[in-house]
There are 2 protein chains.
Amino acid sequence: MNKKINVGIIGFGTVGSSTALILHEKKDLFKRYTGIEFEIKKICDIDWKTKRTWVPPKNVRTSDYQEVVNDSDIDIVVELVGKFQPAYDIISQSLKNKKAVVTANKFLLSKKLLELLTVANENNTYLGFEASVAGAIPIIKTIRESFAANRITAIIGILNGTTNYILSSMTEKHQTFSLALDSAKKMGYAESNPYLDISGKDSAQKLAIISTYAFHCPISDDDFLIEGIDTVAPEDIEFALELGYRIKLLAIAKRVDDTVSLRVHPALIPQSHMLSDVNGVYNAVYLEGDLFNKILLYGEGAGGKPASSAVVSDIIEISKKLLIQEHFPEKFVIEPQTMIQQLDHLETRYYLRFTALDRPGVLAKIADVLGRNNISIASVIQKRENPDRAVPIVMLTHRAIERNIRKAVSAINKLSCIKQKTQVIRVED
Amino acid sequence: MNKKINVGIIGFGTVGSSTALILHEKKDLFKRYTGIEFEIKKICDIDWKTKRTWVPPKNVRTSDYQEVVNDSDIDIVVELVGKFQPAYDIISQSLKNKKAVVTANKFLLSKKLLELLTVANENNTYLGFEASVAGAIPIIKTIRESFAANRITAIIGILNGTTNYILSSMTEKHQTFSLALDSAKKMGYAESNPYLDISGKDSAQKLAIISTYAFHCPISDDDFLIEGIDTVAPEDIEFALELGYRIKLLAIAKRVDDTVSLRVHPALIPQSHMLSDVNGVYNAVYLEGDLFNKILLYGEGAGGKPASSAVVSDIIEISKKLLIQEHFPEKFVIEPQTMIQQLDHLETRYYLRFTALDRPGVLAKIADVLGRNNISIASVIQKRENPDRAVPIVMLTHRAIERNIRKAVSAINKLSCIKQKTQVIRVED
């Protein structure tokens, strides 16, 4: 048996060069531990001018990805270009050429995971994508293998380090959103254009991948609610703390009857929850299942080394399978009857912050509208600060229906005693 | 290809009956997702009188384990008897009969993991043991596969739910050890004879298994320091909190040069450490590696369902491999040059609580002995409560050598101003 695996890498940025360096530096170690000799056959990038820690030999370098995708000697193609095209062509052509593919491309997979898994199946080969979600945290493998005996019932992730850093700073240092964002930029934890992170879009892409895989149904990040963190005010964080909660940007996927409730939004989470102590730039995924009950996987979600740790582990795992002549890639089972729950039907608890004139009867008016919409109040904080100015009234509701909350809040916002748009943040108990 | 796997279960207690029930109830689901039909061919137990949730058909039941071990139809033997014998014979005979084995036996594997892995290798078959450590938390698989590209440099575990519950109660409710132990017993979190838990022995067995596997060298729980939690006093917990730490029973395995430092003992851990918020009966394993950096795996470490989740996942994984005719079990590589560090050479920080007469010059005397032993002091708390009675003096040292600490403390204990044996707790920064 030939125990040699030829690897082609497309995209030689942070993760690509870290991956190549690991395969290069740990070559003897991997051979000793797995019996497999990894050879980097080709590395493709359009830019060979930028300086890197490790420069591959000239005969390995190319700027034409077709040279990798169509090289009959290459067993595994590692796609680290990112974005949609040409990554989509690289992956699908490679799979059709019967090559296994390892990728970290969250953007592409958040739209095309199921399709590409099917192409891999049809061509009797493998698609590894652990690195596309939460860096080195082994979420995909844990769902697939360690929890194979379980029915996964809930996935709640803190999947974006930038927003978690910002919310942590706002909580610990009592900063405003924009001050915390500035400090995140200074620390290198936020990009100069932080839109993808702040808006929740990055978390949503990762949630689409994890939940497609865990629930065996096609889920794209276009299919569910995505709310960012820029509307979270310092007073929301303070009130949350007073009520025993913290505010986190959560990516939530939960089975509710025959549907999956999916959403990304800031949420109040009890201080006793496993996710509540995940601070700073860390990522974490909390899972619930019928047998293991609750598990938290917690670590660094970004960076070249953690991501390439996941890429190389996928390469090793897939290589072991490829080296067995008569290997049978497992068919990924699709459950077409699983539907995404409509947001209107969501049932959860809500944090409501009204800004109202501090006059007798205001609370009664608000409570009346809530009652008429079948929303019952669990607790109220009303601060009497200044009788001449609008003051915050904060409520936690019991479980209520999203549609009713929207109706009620819209009606309350029209009351003459209400001086600002009401803040609504969902609670994850 | 025959896609049927025959399973024999030996030991029909909590985990055994939960495992059988899962294989029985989820049979169709597993067939749909993996293509494999699992058949429970035989279940062995010496007691068939005790009532169980699920009673297997009569033709499946036996009281003679030889009927399982020597049944040529059985592909996988699940050993859930526990203890040393006959578990050792069951596992080694089964492996020699070319059957794969799945076990949850921490006691046996803490002495014999490497030997049994070697027997499995020699017979071209598999030994699954995820369930032997920390219930459903996927620590073995994560080290083996998800972190295959990494050099694991540290493993720090909270591996015993009973002691973690007791220390959490002492911290949160300001209870004494014996009061917290009583409440653990009442809650069903401690056995009537809690020796194995309290003494650190149970944690040590699990640490031996994880570190043998992670560091590829033979490690038994007889090889390293094991200290229990019964000497931790409420004032140690209070002083620790005041200094920014919590006290946890930690199972520690760290690479130090060419050696591995191994030990189980109560330790001060900074409140900012990932492990510090792991409270109650939960287990958690914190890992450090050269690429993934830091990861925490956190969940329920005990109970029939979590353990059987791990057992059944091992069964499924191994079955997939068995069903490939030409399968090659990976040879477990042994690194014979890796040595266990001698405790004398341990270098860490220490918490010292002296009980001394509150007289001028006492601190100077203590500091003098420490200084002569190359121990430098990082901080001191000296409470002036009652000039007529002995009072606590608490110190945190900078990094110091265990041998020096022992020498110094032994000398200090002989000073006339010292009224009680000095409390020494290691710090894990």
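Which residue of S6(B) does Val101(B) stand opposite? To find out, select Val101(B) in this predicted model and look across to S6(B), where Leu127(B) is the residue that stands opposite.

**The parallel sheet of chain B**

Val101(B) and Leu127(B) face each other where strand S5 (residues 100–103) of chain B and S6(B) pair in the parallel sense, over two bridges. Widen the selection to the open sheet of six strands in chain B, whose order is S3-S2-S1-S4-S5-S6 and whose pairing is parallel. At its edges you will find strand S3 (61–62) and strand S6 (127–128) of chain B, each of which pairs on one side only. Strands of a sheet pair through backbone hydrogen bonds, either parallel or antiparallel.

Next, add helix H12 (residues 304–322) of chain B, which lies across strand S1 (4–10), strand S4 (76–79), S5 and S6 of chain B and runs at about 165 degrees to S5(B).

**The loop after S4**

From S4 of chain B, move on to Pro86(B), which is placed in the loop between S4 and helix H4 (87–96) of that chain. The peptide bond that joins Gln85(B) and Pro86(B) is cis, with omega about 0 degrees. If you then select Pro86(A), you will be in the loop between strand S4 (76–79) and helix H4 (87–96) of chain A, and there a cis peptide bond joins Gln85(A) and Pro86(A), with omega about 5 degrees.

**The domains of chain A**

Staying with chain A, colour the model by its domain assignment, which gives domain 1 (4–135 + 304–322), domain 2 (140–300) and domain 3 (345–427). The centres of domain 1 and domain 2 of chain A, taken over C-alpha atoms, are separated by 28 Å. Where these two domains meet, 14 residues of domain 1 of chain A are in contact with 17 residues of domain 2 of chain A. On the domain 1 side of this contact, select helix H5 (residues 106–122) of chain A, since the largest share, seven residues, comes from that helix. Sorted by class, the side of domain 1 of chain A that touches domain 2 of chain A has eight nonpolar, three polar and three charged residues.

**An antiparallel run in chain B**

Return to chain B and select strand S11 (residues 282–289), which is largely enclosed by the rest of the structure, because seven of its eight residues are buried. Strand S7 (residues 152–158) of chain B pairs with S11(B) in the antiparallel sense over six bridges, and here Ile155(B) stands opposite Leu287(B). S11(B) also pairs with S12(B), again in the antiparallel sense and over eight bridges, and Leu287(B) stands opposite Ile295(B) in S12(B). S11(B) and S12(B) form a hairpin with three residues between them.

**A buried alanine**

Now select Ala204(B), in helix H10 (residues 201–215) of chain B. Is this residue buried or exposed? Ala204(B) is buried, because 28 other C-beta atoms lie within 10 Å, and 20 or more are needed for a residue to count as buried. Leaving aside its neighbours within four places in sequence, Ala204(B) is in contact with Asp221(B), Ile226(B), Ala251(B) and Val264(B).

For a contrast, select Asp257(B), in the loop between strand S9 (245–256) and strand S10 (259–270) of chain B. Asp257(B) counts as exposed, with 9 C-beta neighbours inside 10 Å, and has a positive phi of about 55 degrees although it is not a glycine.

**Where the two chains meet**

Finally, show both chains together and select their contact, which takes 43 residues from chain B and 43 residues from chain A. On the chain B side, helix H2 (27–34), helix H6 (139–146), strand S12 (293–300) and H12 each supply at least two residues. By class, that side has 21 nonpolar, eleven polar and eleven charged residues. Across the contact, strand S12 (residues 293–300) of chain A and S12(B) pair in the antiparallel sense over five bridges, and Leu297(A) stands opposite Leu297(B).

How is one copy laid on the other? A turn of 180 degrees, with a shift of 0.0 Å along the axis, lays chain B on chain A with an RMSD of 0.0 Å. The two copies are thus related as by a two-fold rotation axis, and in chain B the C-alpha nearest that axis is the one of Leu297(B), 2.4 Å from it.

Note on methods: Residues numbered from 1 in each chain as written. Chains lettered and ligands numbered in written order. Predicted model: local features only at pLDDT ≥ 70, side-chain atom pairs only at ≥ 80, totals over all residues. Domains from an automatic or database assignment. Contact = placed C-beta atoms within 7 Å. Helix = DSSP H or I, 4+ residues; strand = E, 2+ residues; numbered from the N terminus. Nonpolar A, V, L, I, M, F, W, Y, C, P; charged D, E, K, R; others polar. Least-squares fit on C-alpha atoms with pLDDT ≥ 70 in both. Pairing = 2+ DSSP bridges. Axes fitted to C-alpha atoms, helices over the stretch in contact; angles between N-to-C directions. Buried ≥ 20, exposed ≤ 12 C-beta atoms within 10 Å, placed from the backbone.
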